[in-house]
Amino acid sequence: MSSLYSRSKDLSSRSRKSLSDSPPSSPSPSTKTFRQDRVSRPDSSGVESPSDRLSARTSTYTRRENRLTSLSKTEDDSASKDYKKLYEDALTENEKLKSRLKDSKQELTKIRSQLERVTQKQDRISERSSVFESEKREKEALEKRVSDMEEELKVLTELKSDNQRLKDENGALIRVISKLSK
């Protein structure tokens, strides 16, 4: 008898533990009617037997477990839907970020090519500038050379005229000498 008593005590403590561990919930309509039936159906003696109480607890426990299982299934379904929605949201966000990255890469490539063109243009301008400077120096050198040649040309014309004058004088002297010698 003590083993039967300890078993029923174990079952009742288990059911109390499971009831206290589970979240509070409002009783379902079937549970309400069951309680009403139990209250409205007293035994012929008016006292419930321990086996009736045990079976009632067991059936209540079973119903509660079934209800909690169905609730957890719907929660699992909603949680999996939430995870699915989160996953889909993450995928769309990843796609948006990928497209933005692609756009940024294209823009970077475009900007690099523009920078390269500008750099080449500046190089050409600096080359032109250096060419211009060298041409300017060459022009100055040529102008100086031209002015020096003009000076030499003037000197040459003076020398030619002096030379011509000396030739004329020399011819005159030769004539005078030849007249004197005759």
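**Reading confidence and salt bridges**

Tutor: Glu 169 is partly exposed, with a relative accessible area of 39%. Keep in mind that this is a predicted model.

Student: Which residue does Glu 169 meet in a salt bridge?

Tutor: Its side chain meets that of Arg 165, at 3.2 Å from N to O. Both residues lie in helix H3, 4 residues apart, about one turn of the helix.

Student: What other salt bridge does Arg 165 form?

Tutor: Arg 165 also pairs with Asp 162, the closest N and O atoms being 3.7 Å apart. These two are 3 residues apart in helix H3, so about one helical turn separates them. Asp 162, Arg 165 and Glu 169 are thus linked in a network of salt bridges. Arg 165 is partly exposed at 42%, and Asp 162 is partly exposed at 34%.

Student: How many salt bridges are counted?

Tutor: The count comes to 3. One of them joins Lys 85 and Asp 89, at 3.8 Å from N to O. Both sit in helix H3, 4 residues apart.

Student: Which residues make the nonpolar surface patch?

Tutor: Leu 153, Val 155, Leu 156 and Leu 159 make a patch of about 370 Å². Val 155 lies in helix H3, residues 50–181.

Student: Where is confidence lowest, and where highest?

Tutor: Low pLDDT is a warning: there, the predicted coordinates should not be read in detail. In this chain, helix H1 (residues 2–21) is lowest, at a mean of 49, and H3 is highest, at 86. Over residues 14–24 the pLDDT is below 50. The chain mean is 77, and 64% of residues reach 70 or more.

Definitions and conventions:
Residues are numbered from 1 along each chain as its sequence is written. This is a predicted model: local features need pLDDT of at least 70, side-chain atom pairs count only at pLDDT 80 or more; totals for chains, interfaces and linings use all residues. Side-chain values use heavy atoms; hydrogens and water are left out. Patches are made of residues with over 30% relative accessible area and no salt bridge: like charges are joined within 9 Å, nonpolar side chains (Val, Leu, Ile, Met, Phe, Trp, Tyr) within 5 Å. Accessible areas come from the Shrake-Rupley method with a 1.4 Å probe; for residues, only the protein chains shown count as cover. A salt bridge is a side-chain nitrogen of Lys or Arg within 4 Å of a carboxyl oxygen of Asp or Glu. pLDDT is the predictor's confidence in each residue, from 0 to 100. Contact means heavy atoms within 4.5 Å. Buried means under 20% relative accessible area, exposed over 50%, partly exposed in between (1.4 Å probe, protein chains only).
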